[in-house]
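Me: I have a chain open here and would like to talk it through with you. Could we start with the whole and then go down to single residues?

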Amino acid sequence: MTVPGWFSEAKFGVFIHWGPYSVPAWAEPTGELGAVDPEMWFAHNPYAEWYWNTSQIEGSPAYEHHRTVHGGRPYDDFLDAWQAESFDPADWIELFARAGARYVVATTKHHDGVALWDAPGTGTRNTVHRGPHRDLIADLATAVRARGLRFGAYYSGGLDWYAGRRAVIRHEDLIDDYGRPHEAAYAAYALRQVRDLIDRYRPDVLWNDIGWPDAGMADLPDLFAHYYATVPEGVVNDRWDGAHADYLTSEYQANRQNEAAAHWENCRGIGLSFGFNRNEGPEHLLDPAAAVRLLVDVVSRGGNLLLNVGPKADGTLPGEQRAVLEGIASWTAAHAGAVYATRPLDPGAAMSHDGTPWIRWTRDDDHAYAFLADVPDSARGQVLLKTGPGMLDPATAVRLDGRPVRADAVPDGIVVTSAELGAPLPTVVRFALTTSRSVD
Ligand SMILES: C[C@@H]1N[C@H](CNC(=O)[C@H](c2ccccc2)C2CCCC2)[C@@H](O)[C@H](O)[C@@H]1O
């Protein structure tokens with residue numbers, strides 16, 4: 001598994017889940033994937049982009065909601081109701097760039113099979129001919145690249161409730177043999193669409209989801225060869241049923257074992273859903289400090305964070321999601337140097353700490369960066385950093401936000417003394433590395 005430098009240095013990407021499901025924008029904020037009882041998951045699915053499936057599970061709150069509020073109307077009515085009248089891609093991308101995102105991955109076709117471009121085989125069931133009446137992928141790719149960011153394409157290869165199987169998925173045991181299409185016709189359909197995405201938009205990331213149809217597995221070596229020939233610095237994720245992976249992915253708390261890989265990416269929503277969910281309140285969302293600490297934790301362990309925004313059907317970003325990105329932006333402005341193009345600090349050089357204070361480390365060639373958060377008042381602005389002997393030079397301590405800091409060597413590390421260390425948003429102290437040890 002190798003990835004091009006741009007991907008490992010990027011550290012932070014923004015995921016976009018936008019589709020007809022953004023019209024009802026309705027799910028139960030049940031909990032995080034990996035922390036919800038699988039028996040509960042499908043009938044109480046917090047993923048608002050699963051609305052079509054969830055709303056067909058008799059007795060589920062979504063079923064009731066669809067019946068009482070939307071009169072049980074056909075799902076495709078939501079495609080026509082989706083107008084994106086306020087969609088301003090440059091505005092979105094400006095915010096993402098200020099938040100420090102270096103790449104953007106957008107849904108081109110989610111499980112509902114609705115394409116956000118004039119995809120082959122879809123006839124008029126796409127956003128060019130219905131609803132927004134726009135090639136949303138072209139609009140987004142253009143805006144992303146105009147701002148100097150990389151553009152990735154999400155494609156639901158493993159599930160397509162229109163062109164593939166429409167069976168309602170009530171339980172994860174059913175998803176493989178019951179919910180996923182395996183027919184040769186669907187495999188050809190999906191292959192044609194991914195090749196079209198490659199040829200039209202040259203996505204820098206090929207982000208497939210939920211695997212690939214059995215009948216199409218033999219097509220993948222050629223597809224990847226074509227992809228790399230077309231996009232030499234392209235990156236392929238790991239959700240192709242084992243066919244290939246440049247890096248591994250986890251999602252919320254699911255598949256976190258993949259985070260032991262050399263190259264990996266954790267994806268999650270700002271709340272509990274990828275598609276916009278009108279039922280989510282502040283209590284369900286990460287606040288800026290939690291989002292920054294998640295980014296720092298992921299980067300300190302050598303991964304990328306792909307944080308999702310779920311735009312509203314009208315093309316605006318939900319205010320509370322904007323606020324989180326604005327919060328990340330204000331922190332990133334002063335601390336970018338400690339995050340981007342860094343790598344994990346040599347094992348044993350210093351101790352991270354999950355408790356109070358919360359401590360994480362990164363390094364680049366010449367410096368180590370200590371991230372400190374939630375320092376209790378009782379610590380009176382002093383924190384012991386347990387570091388290996390002689391690794392860091394205390395005399396070189398600098399706070400990236402410019403505030404004064406003192407650092408003194410003590411037997412088992414370095415004591416840092418500084419005012420206002422206790423913020424939930426991490427404080428960063430930079431030290432010169434006394435020995436520029438190579439990182440294995
Ligand atoms: C980015 C999100 N991906 C979801 C699919 N996720 C996965 O297949 C999840 C997954 C997570 C990590 C690696 C591979 C697969 C599995 C679901 C149950 C346990 C792990 C989609 O169902 C969801 O709508 C959204 O697009």
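**Overall picture**

Me: What does the chain expose, and how much of that do carbon and sulfur atoms supply?
Reply: Bearing in mind that this is a predicted model, the chain exposes about 16500 Å², and carbon and sulfur atoms supply 51% of that area.

Me: And what share of the residues is buried?
Reply: Buried residues make up 58% of the 440 in the chain.

Me: How many helices and strands are there?
Reply: The chain contains 12 helices and 15 strands, and its C-alpha trace spans about 70 × 50 × 40 Å along the principal axes.

Me: What radius of gyration does the chain have, next to that of a compact globule?
Reply: The chain has a radius of gyration of 23 Å, and because a compact globule of 440 residues would have one near 22 Å, the two agree. As for the contacts with a separation of 6 or more, 69% of them join residues 24 or more positions apart.

Me: How far apart are the mean positions of the positive and negative charges?
Reply: They are 4 Å apart, taken over 38 positive and 59 negative charges.

Me: Let's go to a helix. Which residues of H10 are buried?
Reply: In H10, which runs over residues 220-230, the buried ones are Leu220, Leu223, Phe224, Tyr227 and Thr230. Seen down the helix axis, the buried residues of H10 fall within an arc of 130°, so they line one face of the helix.

Me: Why would a spacing of three or four places put residues on one side?
Reply: An α-helix has 3.6 residues a turn, so residues three or four places apart point the same way.

Me: What covers the buried residues of H10, and what is on its other side?
Reply: The cover includes helix H9 (184-201), together with strand S4 (205-208) and strand S5 (235-236), while on the other side of H10 the residues Pro221, Asp222 and Ala229 are exposed.

Me: Since H9 came up, where does Ala190 lie, and is Ala190 buried or exposed?
Reply: Ala190 lies in helix H9, and because its relative accessible area is 0%, Ala190 counts as buried. Apart from neighbours within four places in sequence, Ala190 is in contact with Tyr155 and Trp212.

Me: How far is Ala190 from Thr230?
Reply: From C-alpha to C-alpha the two are 18 Å apart in space, with their positions 40 residues apart in sequence.

Me: What is there to say about the backbone of Arg202?
Reply: Arg202 has a phi near 45°, which is a positive value in a residue other than glycine. Arg202 sits in the loop between H9 and S4 and, at 44% relative accessibility, counts as partly exposed.

Me: And Arg380, what phi does that one have?
Reply: The phi of Arg380 is near 45°, again a positive value in a residue other than glycine. Arg380 belongs to the loop between S10 and strand S11 (382-385), and Arg380 is exposed, with a relative accessible area of 70%.

Me: Staying with S10, what does Ala370 touch?
Reply: Ala370 lies in strand S10, residues 367-373, and counts as buried at 0% relative accessibility. If neighbours within four places in sequence are left aside, its contacts are Arg360, Trp361, Leu385, Thr427, Val428, Val429 and Phe431.

Me: How far is Ala370 from His182?
Reply: The pair is 188 residues apart in sequence, and their C-alpha atoms are 49 Å apart in space.

Me: Switching to loops, is Glu259 buried or exposed?
Reply: Glu259 is buried: its relative accessible area is 9%, and because buried means under 20%, that value qualifies. Glu259 lies in the loop between strand S6 (248-251) and strand S7 (264-269), where, not counting residues up to four places away in sequence, Glu259 touches Ser250, Trp264, Asn266 and Arg301.

Me: Which peptide bond is cis?
Reply: The bond from Thr356 to Pro357 is cis, with omega near 0°, and Pro357 is placed in the loop between H12 and strand S9 (358-363).

Me: Last one, then: what is Thr332 in contact with?
Reply: Thr332, placed in helix H12 (residues 319-335), is in contact with Ala99, Gly100 and Tyr340 once neighbours within four places in sequence are left aside. At 6% relative accessibility, Thr332 counts as buried.

Conventions
Residues are numbered from 1 along each chain as its sequence is written. This is a predicted model: local features need pLDDT of at least 70, side-chain atom pairs count only at pLDDT 80 or more; totals for chains, interfaces and linings use all residues. Side-chain values use heavy atoms; hydrogens and water are left out. Helices (H or I, at least four residues) and strands (E, at least two) are DSSP runs, numbered from the N terminus. The radius of gyration is taken over C-alpha atoms; the globule rule is 2.2 Å times the number of residues to the power 0.38. Buried means under 20% relative accessible area, exposed over 50%, partly exposed in between (1.4 Å probe, protein chains only). Contact means heavy atoms within 4.5 Å. Accessible areas come from the Shrake-Rupley method with a 1.4 Å probe; for residues, only the protein chains shown count as cover. Lys and Arg count as positive and Asp and Glu as negative; His and the chain ends are not counted. The place of a charge is taken as NZ of Lys, CZ of Arg, CG of Asp or CD of Glu. The arc is that of the directions from the helix axis to the C-beta atoms.
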